[in-house]
Amino acid sequence: MAEPILSVRDLHTHFFPNEGVVRAVDGTSFDLFPGRTLGIVGESGCGKSVTARSILRIVERPGRIVSGEIILRRADGRTVDLVKLASDGAEMRAIRGGEIGLVFQEPMSSLSAFHTVGNQLIEAIRLHSTLSKRAARTRAIELLALVGIPRPAQRVDAYSFELSGGLRQRVMIALALAAEPRILIADEPTTALDVTTQAQILELIRRLQQERGLAVILITHDMGVIAEMTDDVVVMYLGHEVEKGPVDAIFHAPRHPYTRALLRSIPSVLAAPLSRLATIAGSIPHPYARPPGCPFHPRCPDAIGGVCERSFPLEVAIGERHDVACHLYTAGAEAVA
Amino acid sequence: MSSAVSDSAPPLVTEAETRVAVATQRQLIWWRFKRHRLAVISAGIVLAFYVVAAFADFIAYAEPFDTEAARSYIPPQPIHWFDADGNFRPQVYALKGKRDPRTFKLAYAPDPSDPRDLVLFGHGYRYDLFGLIPTDRHLLGLANGRPQDAIFLLGTDQLGRDVFSRLVLATRTSLTIGLVGVTLSLALGVLLGGMSGLQGGWLDTVIQRVIEILRSVPTIPLWMGLAAAVPASWSPQRVYFAITIIISLIGWTELARVVRGRFLALREEDFITAAELAGASRMRIIFRHMVPSFLSHIIAAVSLALPAMIISETTLSFLGLGLRPPAISWGVMLQDAQNLQTLGLAPWLLFAAVPVIVVILAFNFLGDGLRDAADPYG
Amino acid sequence: MLTYLLRRLLLAAITVFAITIVTFIILHLPPGDFVSAYAAQASASGTAISAAEADALRLAYGLNEPLWVQYWKWLAMVARGDFGRSFEYGRPVTEVIGDRLWLTVLLSLGAIVVTWALALPIGIYSAVRQYSFGDYVFTFIGFVGLAIPNFLLALIIMYFGSRLFGINVGGLFSAEQQLAPWTWAKFIDLLQHLPVPILILSLAGTAQLVRIMRANLLDELRRPYVVTARARGLRERRVILKYPVRAAMNPFASTIGYLLPFMVSGSVIISVVLSLPTVGPLLLRSLLAQDMLLASTIILLLGVLTVIGTLLSDLLLMWIDPRIRLGQLR
């Protein structure tokens, strides 16, 4: 396997509002390889989005990265730890957009209503290149064509409210790719779109990845999208990754009880009529009331009494590039099927 | 495969969360309000002012209309808490006239050799407590003699009238005008805003336009014109009511907008549709379902509108177009402090500005606190 | 865009119409007809008018006819620029008003400019540095500005100005320039005297605008497009100024419409306190003396000027908001 283009090591991002501390990301590690898609999946509030923002160093107050490393391998082979850079400094700003692009989930409000699409695109292009305004405008029109927007030469002067949701999301992707980054982070890019548009956008992302050799991080809560789009998966729960590995391994041989529960809760067309939908027992704990020990233990059907509520499970490898953080495996015990 | 469907959900909901979940709307608002310490303090201040207004005659000690040229422009006299021997014995010094040898004018100054004892609940001028109980007891009095001869807590004005007593009575007038004015504004605002929001259609458009027109013209010149039209021959009471009506015509637009906005938002709410579908009558829907949900907003808007009323009355009276003597209000008292020469002679006349500023600040903080408590996301 | 424009024009026209009606009512509010009052005043002040003149006036104003005829006659005269004569001064109203109206406009506009210039940066700062020391200081000053009525502030400043600094902050001209004809020197003199009244006027307005800007900007700062802008690699300062500030400008700009009447009102009052030669003291005197033609003319002119100013600001708003230009806003 080639060297990872991005390595996240033991990332801790905490929020400090008046009421207490929220440990949004609490010890996550994963690698991203060029040309491959990494999926991050988990329920709302598990820290997926915060991870993405931590990578780009745009975590908002009252949050900040407390510890960990985010190592980016640049085109010339040198590495830089993004955590150590000043978030508003020139180097980090050059990386933001220039090396790593971000696509958001809310196309409706992710574009400014007071500036044309072209204005925002040209700004993104010129931030990371030395193109003149006219050249940047040509480039912007090319980008719009690239993401499949019809009549790009007219649309470049449109305002965002003149475009439909699907078109806006395409513009967002164009914006993210405007400066030719090598990594694309897509944070729930299709959640706010209807199913048909969803398919189109995902198709677009896949095509762009192939054409440009992008490394993609795809964040979603939809296991179907994971199955279709990703090569590797990280499953997160309450700020930790509980299992990570190749998508086939995750889907066909899930080890962590949470992963299993997630997979089980997907409604199936083949299920018998009137059978109950499977759910995961309990609900996500309040951020200020995290369970001690393994964060999943209150909802875990396979929790080991006396162990799971006491200590935090360390991550162990159980297969090729397949890691899991669960007490069921730390002692080398066989999985309870 | 073991089933993940389990009924043994562990109790992760804490005691505190339960308390929050079952609290009534009113309790929630009260808790949120209590957290704004500034708003709570302001509520206390406002309450204190209204207590003073209720007990105005009791707290005052000098007859407010008792003019006495000899007592003109006396500076404020402090209370001396300890007598010459160091005992706790509150006293004030009586005045002694001294003729200036050059101008032959009689000037009065406090005479330390003539201390008078201060007492609580002393005798003073006659009045009716709460308009019902005739008495002559006041909060402060002299052991011997009339209070207005020796007690000058804030000095006297040009006509020798005690500023402190007049200020206390002015507080009553200004605060009650504010209250009455706001009530009228509220009535107008709820009526027009309600019709506007509930009915919609052309009525809404018309009322909206009227409000916009009123907001786009400078109000002071208009109200000056209206106030000047109040005939000088009217009795103080009639003038009082006329002025109240005029200033209530200032504030209703703001209240109407709030009410209309609330009704408009509520009309679309699902719970209203549910009530309609359940067959509830129009009246019932309005009073049982809609009003309780925006009552707190209205209270907040009212407490923010009150200071505007007080400012209006004070301004108009200050200009000489509002309440006229012998009526006393803050604006009338500030009129005495209108020019530099007077202020140079008697700067204590400016003291009337203090309750105005304090009350307005207090109402603003209170209103802000109430508004945040009623709708923290609004 | 055209419909928006037409609507604003129509509303302005209706407002002006309403103002004329209200002014007419005010004109006739005092008991008795104003020509008799005029005649009485005129003879008292030594500029008596003959009975024939008085009758001619009554005819001109239609005082013996139904109300709507009176209104029409008065309106016709006003449209021609004939506002009648003042009783007190015995001269045409326009002469008496003279420069004062323009000085009022200057004062009000100056206050608006200063209010904007102060409120915009303070509002942005308060939102971006929420809960900082500076935010609390500005909020406190803002509350003070909101709470103290204009005239009180003017009174207090006037008093302490003379007491502590020995300077007289009243008046718009120094004694020599007061009655002099307009020269460059007089203009400079005016500029030197303007700051204090303008500052007093703008304090209350600034407080309100800062709150509006702060609230709106705080809302906008939370929105996704700000994050997107940051994610592009834009400098933080540029992110804030180019995007959320631009969005918050709209509700901010729409407040100008109500700022102008507010300033005009305020200028009337502090002019009285500070003895400024604007329309304020003149209006007060004319109302107290029941010189109704003068008073109602001032009210009419103030109202109409305000409406025109508001209309211009609405046009400005329309120009800067792409949503209105392209017909998206309802």
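Select chain A and look at its contacts between residues at least 6 apart in sequence: 61% of them join residues at least 24 apart. Keep in mind throughout that this is a predicted model.

Stay on chain A and colour by secondary structure. The chain has 11 helices and 12 strands. Switch to a C-alpha trace and orient along the principal axes; the C-alpha atoms of chain A then fill a box of roughly 65 × 50 × 45 Å. The radius of gyration of chain A is 21 Å, which agrees with the value near 20 Å that a compact globule of 337 residues would have. If you colour chain A by burial, 47% of its 337 residues come out as buried.

Next, add chain C and show where it meets chain A. Here 19 residues of chain C are in contact with 23 residues of chain A, contact meaning C-beta atoms within 7 Å. On the chain C side, select helix 12 (224-231), helix 14 (244-253) and helix 18 (322-325); each of these supplies at least two residues to the side that touches chain A. Helix 12 of chain C gives the largest share, six residues. Now colour this side of chain C by residue class: nine residues are nonpolar, seven are charged and three are polar.

Finally, hide the other chains and select chain B. Its domain assignment gives two selections to make: 40-56 together with 164-374 for domain 1, and 77-151 for domain 2. Place a centroid on the C-alpha atoms of each domain of chain B, and the distance between the two centres is 38 Å.

Methods
Residues are numbered from 1 along each chain as its sequence is written. Chains are lettered from A and ligands numbered from 1 in the order in which they are written. This is a predicted model: local features need pLDDT of at least 70, side-chain atom pairs count only at pLDDT 80 or more; totals for chains, interfaces and linings use all residues. Two residues are in contact if their C-beta atoms, placed from the backbone, lie within 7 Å. Helices (H or I, at least four residues) and strands (E, at least two) are DSSP runs, numbered from the N terminus. Ala, Val, Leu, Ile, Met, Phe, Trp, Tyr, Cys and Pro count as nonpolar, Asp, Glu, Lys and Arg as charged, and the others, Gly among them, as polar. Domain bounds come from an automatic or database domain assignment. The radius of gyration is taken over C-alpha atoms; the globule rule is 2.2 Å times the number of residues to the power 0.38. A residue is buried if 20 or more other C-beta atoms lie within 10 Å of its own, exposed if 12 or fewer, and partly exposed in between; C-beta atoms are placed from the backbone.
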